[in-house]
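Please look at the structure below and follow how its two chains meet. The briefing begins with one contact between side chains and then widens to the interface and the nonpolar cores.

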Amino acid sequence: VIHLTHLWSVVVIAATLAAVALRRRLGGRAAANPVLLASASVLLAILVANVSRAHFTQGTRPLRNLLAPATVALAVPLAHQLRNGGRRARRDALAAALGGFFVAALAGLIGALAGRDVAVTMATKSVTTAVGVPIVAAADGPVELAAAAIVVTGVVTAVIGSAVLRRVSALVRAGERNARAENPRARAVAMGTTGHAIATAEVLRRTPEHGGAAVLALIVNGITTALWLPFVLRLLR
Amino acid sequence: MLGLGLILGASTAGRLVSKTFDLPIGGAPLGLILLTAVLLRWPALHRLVKLPAAGLTASLGLLFVPFVVDVRFRWNIVADHWLAIACAIAVSSVVGLTVTATLVDRLEPSAPQAEADQ
């Protein structure tokens, strides 16, 4: 038998490329998210091929090892945004940190209805994978569920984000005598905070001029959540 | 090459700190903080890390896929609690988006609201 050590890495890359091409065919719909489509098709493939966990983990090792450096590389757009964004960037960072705290607490409380394991994963689902998975691992939570919940959250936010915020701002405007202008930068920060890298990719695709604000929000929420959540979870153990 | 070394170095340093002090914080966020601090202190380094960083962050989505597929090996928890999971994701996303966007608006000193108050 020939052992193709990294076969599953190649399969994952091929599935992702195919998913990107498919979304283009579908006219760039947010619901046709490449990460979601690629994950679903690879999942189907390992079910059909009846692949063991050890084999799949070994086969995707090269990709897994790149996740931490790729997350660290987000320091480059963050430093750029902090240097050039001035006070506005610092205000957006504060909004992302507070909003991220709120999302984590609310999701964690709802998840708590289904027990501790679900609560831990729901509290971390709005931060990017390389940040969220270690938090769940340190709290002895189900890391496999965490990664899936994170990606589903990102896709849901990317799909509903603009529509929800447009409706909310219409409601706010109807309730106030003085019309409030719609703020596309606020939308970008909200999407980066709630839907991390996946929703940020959507912002970059639709309104590239506000991509920097979404990137800032995703990173700030990731860092601040990584700093406070593990200690809360330790207290709840 | 030097830029890629800086990124991998920051990633390794983050992991080292996380493991040495047995922190519940992963190596990636620590490396991210470290590299951000280095880039803010020495802006000239930006030129070196720009290209390798762009390559790595562009494929971030692809790197999530193996971790998502792992859920197949823990399917029972999804089957048991799918309703709570779906509710937590849906409710917190809608409310979280609204709260965060409102915060950005309210923190803005030159918002139309501020003019209206005058």
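In this predicted model, the side chains of B:Glu108 and A:Arg91 meet in a salt bridge at 3.9 Å, N to O, where a salt bridge is a side-chain nitrogen of Lys or Arg within 4 Å of a carboxyl oxygen of Asp or Glu. Across the interface of chain A and chain B, the rule finds five salt bridges.

**The interface**
- On the side of chain A that touches chain B, helix 5 (residues 75–111) gives the most, with 21 residues; helices are DSSP runs of H or I with at least four residues, numbered from the N terminus.
- In contact (heavy atoms within 4.5 Å) are 97 residues of chain A and 68 residues of chain B.
- The two chains bury about 7400 Å² between them, 79% of it on carbon and sulfur atoms, buried area being the accessible area (1.4 Å probe) that two parts lose on being put together, summed over both.

**The nonpolar cores**
- The largest nonpolar core, a set of buried Ala, Val, Leu, Ile, Met, Phe, Trp, Tyr and Cys residues joined through side-chain atoms within 4.5 Å, has 86 residues; buried means under 20% relative accessible area (1.4 Å probe, protein chains only).
- Helix 5 of chain A gives the most to this core, with ten residues.
- B:Ile7 is among the members that touch the most others, and its contacts include A:Pro69, A:Val72 and B:Leu35, not counting residues up to four places away in sequence.

**How to read the values**
- Residues are numbered from 1 along each chain as its sequence is written, and chains are lettered from A and ligands numbered from 1 in the order in which they are written.
- Local features need pLDDT of at least 70, side-chain atom pairs count only at pLDDT 80 or more, and totals for chains, interfaces and linings use all residues, while side-chain values use heavy atoms, with hydrogens and water left out.

Notes: Helix = DSSP H or I, 4+ residues; strand = E, 2+ residues; numbered from the N terminus. Buried < 20%, exposed > 50% of the residue type's maximum accessible area, 1.4 Å probe, protein only.
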